[in-house]
Amino acid sequence: MVGGRKRRPTSYVLRPASCEVRILPSAPDVAAEGAGVFVAAAKEAIAARGVFHVALSGGSTPRALHELLSREPLSRKVDWKRVRFFWGDERCVPPDSDRSNYRMALETLLEPLRIPAEHVFRMRGEDQPRAAAASYEEVLGREIGARGPRLDLIFLGLGPDGHTLSLFPGTRALRERSRTVVANYVPKFREWRLTVTYPVVNAARRVVFLAEGAAKRDPAAKILRKKPGFRQLPASGVRPRGGQLLWLLDQEAGRDL
Ligand code: 6PG
């Protein structure tokens, strides 16, 4: 019993086959669960199509997951030469900036695993935003498929304001239904971002949210419990059509579920 209330089981299916929610005891458990999903998704994709197309998330939450994948035992469970790395979003900063999502992945995953540069497709945050978005759209089309790229797995974070990727409340990118990648101006940060759009996320075979800590408690509950106004939160727009949606939360973020 927690606080007198019977706690829900740590894992329950919200809507069969379309959305699953797993509440894990701690942040390290979320990282371990997410790393396990990566390994399983990679095995499945490589067995079916000979290649695994994965888009990494930005922010700080994925660090621990990356670090688990980069060392044994998990590092031995993936055929890394058949993995192609993409990003869901990027800040408009140079790749060596400490705010770069690419740099975080380089340090925690790509360099430790010695992933060859030709298997890594980063968003060019250093370029003019609209040009960078257009060229990444071409990269996705060339590497995954021009008729609407279908990623095998995309990791997503959740912001306290309910944003995900660089799809922030009230920003233009939320309305994009044909472009796969756009430059999105974020007034609250007074900065440009690059982000894939809902058409890409909702075409993915597997979408996994990683949410940890008390700051994610309200947006997670609002979205997953469909509380009044939940559609104002950008993460609520992630509803993969023919794919699986999995939320991985620690106890703090999942407290109201
Ligand atoms: C980014 C992200 C963003 C992030 C969330 C959660 O570029 O910052 O892609 O959507 O995933 O803001 O960030 P944390 O993991 O740091 O809480």
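Which residues of helix H6 (residues 217-224) are buried? They are Pro-219, Ala-220, Ala-221, Ile-223 and Leu-224. Keep in mind while reading that this is a predicted model. My notes follow.

1. **Helix H6 and what comes after.** With the buried residues of H6 listed above, the next thing to look at is Lys-226, which follows the helix and has a positive phi, near 50°. Ile-223, one of the buried residues of H6, also turns up in a pairing across the sequence: its C-alpha atom is 11 Å from that of Leu-158, although 65 residues separate the two along the chain.

2. **Leu-158 itself.** You'll find Leu-158 in the loop between strand E6 (153-156) and E7. Is this loop residue buried or exposed? Leu-158 has a relative accessible area of 5%. Buried means under 20%, so Leu-158 counts as buried.

3. **The chain as a whole.** The secondary structure adds up to six helices and 10 strands. The radius of gyration is 17 Å and the globule rule gives 18 Å for 257 residues, so the chain is as compact as a globular protein of that length. If you want a feel for the dimensions, the C-alpha atoms fill a box of roughly 55 × 45 × 35 Å along the principal axes. Of the 257 residues, 54% are buried.

4. **Who sits around the ligand.** The ligand has 15 residues around it, and the closest are Thr-61, Arg-91, His-163, Leu-165 and Lys-216. Sorted by class, this shell has nine polar residues, four charged ones and two nonpolar ones.

5. **Polar contacts to the ligand.** Two of these come from the backbone. Leu-165 places a backbone N or O atom 2.6 Å from a ligand oxygen, and Gly-58 has a backbone N or O atom 3.5 Å from an oxygen of the ligand. The side chain of Lys-216 also takes part, with an N or O atom 2.6 Å from a ligand oxygen. As for cover, the ligand taken alone exposes 420 Å², and the protein buries 87% of that.

6. **Helix H1.** How far apart are the end C-alpha atoms of helix H1 (residues 27-49)? They are 32 Å apart. At 1.5 Å a residue, the 23 residues of H1 should span 33 Å, so the two values agree. H1 has a run of buried positions, including Val-30, Ala-31, Gly-34, Ala-35, Val-37, Phe-38 and Val-39. Further along the helix, Ala-41, Ala-42, Ala-45 and Ile-46 are among the buried residues too. Just after H1 comes Gly-50, with a positive phi of about 80°.

7. **Pro-28.** This proline belongs to helix H1, but Pro-28 isn't in the buried set: its relative accessibility is 55%, and because exposed means over 50%, Pro-28 counts as exposed. Its C-alpha atom is 8.7 Å from that of Asp-250, even though these positions lie 222 residues apart along the chain.

8. **A cis proline.** The peptide bond from Glu-72 to Pro-73 is cis, with omega near 10°. Pro-73 is in the loop between helix H2 (62-69) and strand E4 (83-87).

9. **Two arginines with positive phi.** Neither is a glycine, yet Arg-114 has a positive phi of about 55° and Arg-190 has one of about 50°. Arg-114 lies in the loop between helix H3 (101-110) and helix H4 (129-143), whereas Arg-190 lies in the loop between strand E7 (181-186) and strand E8 (191-196). Are these arginines buried or exposed? Arg-114 is exposed, with a relative accessible area of 73%, and Arg-190 counts as exposed at 69%.

10. **His-119.** The loop between H3 and H4 also holds His-119. At 13% relative accessibility, His-119 counts as buried, in contrast to the exposed Arg-114. His-119 and Val-83 are 36 residues apart in sequence, with their C-alpha atoms 7.1 Å apart in space.

Definitions and conventions. Residues are numbered from 1 along each chain as its sequence is written. This is a predicted model: local features need pLDDT of at least 70, side-chain atom pairs count only at pLDDT 80 or more; totals for chains, interfaces and linings use all residues. Side-chain values use heavy atoms; hydrogens and water are left out. A residue is near a molecule or strand if one of its heavy atoms lies within 4 Å of it. A polar contact is a pair of N or O atoms within 3.5 Å; within protein, one must be able to donate a hydrogen and the other to accept it, and residues adjacent in sequence count only if both atoms are side-chain atoms. Accessible areas come from the Shrake-Rupley method with a 1.4 Å probe; for residues, only the protein chains shown count as cover. Ala, Val, Leu, Ile, Met, Phe, Trp, Tyr, Cys and Pro count as nonpolar, Asp, Glu, Lys and Arg as charged, and the others, Gly among them, as polar. Helices (H or I, at least four residues) and strands (E, at least two) are DSSP runs, numbered from the N terminus. The expected span of a helix is 1.5 Å times one less than its number of residues. Buried means under 20% relative accessible area, exposed over 50%, partly exposed in between (1.4 Å probe, protein chains only). The radius of gyration is taken over C-alpha atoms; the globule rule is 2.2 Å times the number of residues to the power 0.38.
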